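Q: Please take a close look at the backbone of the loops in this model, with attention to unusual torsion angles and peptide bonds. A connected account of the residues concerned would be appreciated.

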Amino acid sequence: MSRVDIDQLRVVLERRAAGLGFDRERAVLLADHFLDAEMRGARGHGAERMRWLHGLGHLRPQAAPQLLERSDGLARYDGQGAIGYLALAEVLADELADPPQGARLIAVGDCFPTGRLGYYAEMGADAGRLTLVTATSTPRIVHPEGGPPLLGTNPLCLGLPGRPATVIDVSMGAVTYGAVLKTAATGGELEPGAALRPDGTFTRDPADVIAGSAGIAPFGADQSYKGFALALLVETLCAALAGLEGHAAAVLLARPAADPMPGLLSGLEGRHVPGEGSLERLRASRAAGTVDLPDDLWAWLQPNG
């Protein structure tokens with residue numbers, strides 16, 4: 001691993017994004033998303049994704065989301081081929097420039113990949129709005145009894161204003177796809193029960209999931225039908241709101257009436273709170289001024305890589 005200065009990493013990420021044809025503002029936004037994930041330890045959404053973008057080959061750097069319709073409580077957008085990181089961030093920035101006094105549901109079609117949903121939930125929370133975000137993705141999750149990959153890992157993420165903001169982010173898979181990629185890269189095996197073949201038998205080989213010959217099991221072990229139901233809920237919600245073409249995201253913005261977290265925290269009596277590990281890692285990275293990157297990734301990111 002290479003220990004990398006955060007400011008230096010930001011510069012090379014912006015340079016790599018610019019090399020793909022993104023303008024200065026969008027290059028900065030992409031770099032910020034990846035760097036934020038990296039500092040939080042969410043490496044499946046971090047700097048490695050810049051290398052992934054360079055391998056896609058069909059990016060449309062000038063594409064921008066388009067507003068299709070707006071009513072009292074609903075706004076629908078078409079991502080228009082803009083990469084999901086940018087489409088969702090730009091739509092949310094526009095909506096927060098004129099935030100709802102009550103509530104507004106926002107649907108964004110053709111929106112993939114969106115990355116770490118906490119990034120957008122924090123945008124809304126920082127603007128004083130309760131922000132519930134969800135998005136669909138490439139089919140990875142299988143039915144608890146087997147079959148082909150059918151649903152995305154389809155996370156739900158809530159951001160609630162506060163100091164600091166409360167951010168609760170949960171994926172519907174027994175593991176994330178980022179964890180599958182990381183396990184494959186390190187030559188390891190998946191946890192027992194994390195992946196299913198079409199015939200319903202388990203596999204621990206991450207290559208099976210990557211190849212599509214197996215899928216990620218829904219979370220919940222012997223009650224995984226509940227995880228599958230939540231993934232199906234997200235899939236149908238996003239498709240019903242945004243249409244059937246491509247993947248989609250949905251965001252609920254609302255003015256909160258109260259902050260329930262202080263009372264809940266007292267009841268937890270110091271036990272782990274979802275989201276606090278991410279925040280602690282972010283603070284530690286900022287304090288150190290560095291993050292650790294795989295040697296090959298850091299070599300690739302640099303100008304002569």
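A: In this predicted model, aspartate 110 has a relative accessibility of 35% and therefore counts as partly exposed. The residue is situated in the loop between β4 and α5. Although aspartate 110 is not a glycine, its phi is positive, at about 50°. Most residues other than glycine have a negative phi, and most peptide bonds are trans.

Proline 113 also belongs to the loop between β4 (103-109) and α5 (118-126). The peptide bond that joins phenylalanine 112 to proline 113 is cis, with an omega of about -10°.

A second cis peptide bond links arginine 163 to proline 164, where omega is near 0°. Proline 164 lies in the loop that runs between β8 (156-160) and β9 (166-170).

Asparagine 154 is another residue with a positive phi, about 45°, despite not being a glycine. Its position is in the loop between β7 (146-151) and β8. Asparagine 154 counts as buried because its relative accessibility is 0%, the cut-off for buried being under 20%. Aspartate 110, at 35%, is instead partly exposed.

Glycine 220 may be considered last. This glycine is located in the loop between β12 (215-216) and α8 (224-242). Its relative accessibility is 34%, so glycine 220 counts as partly exposed. Glycine 220 and alanine 174 are separated by 46 residues in sequence, and their C-alpha atoms are 7.2 Å apart in space.

Definitions and conventions
Residues numbered from 1 in each chain as written. Predicted model: local features only at pLDDT ≥ 70, side-chain atom pairs only at ≥ 80, totals over all residues. Heavy atoms only, no water. Helix = DSSP H or I, 4+ residues; strand = E, 2+ residues; numbered from the N terminus. Buried < 20%, exposed > 50% of the residue type's maximum accessible area, 1.4 Å probe, protein only.
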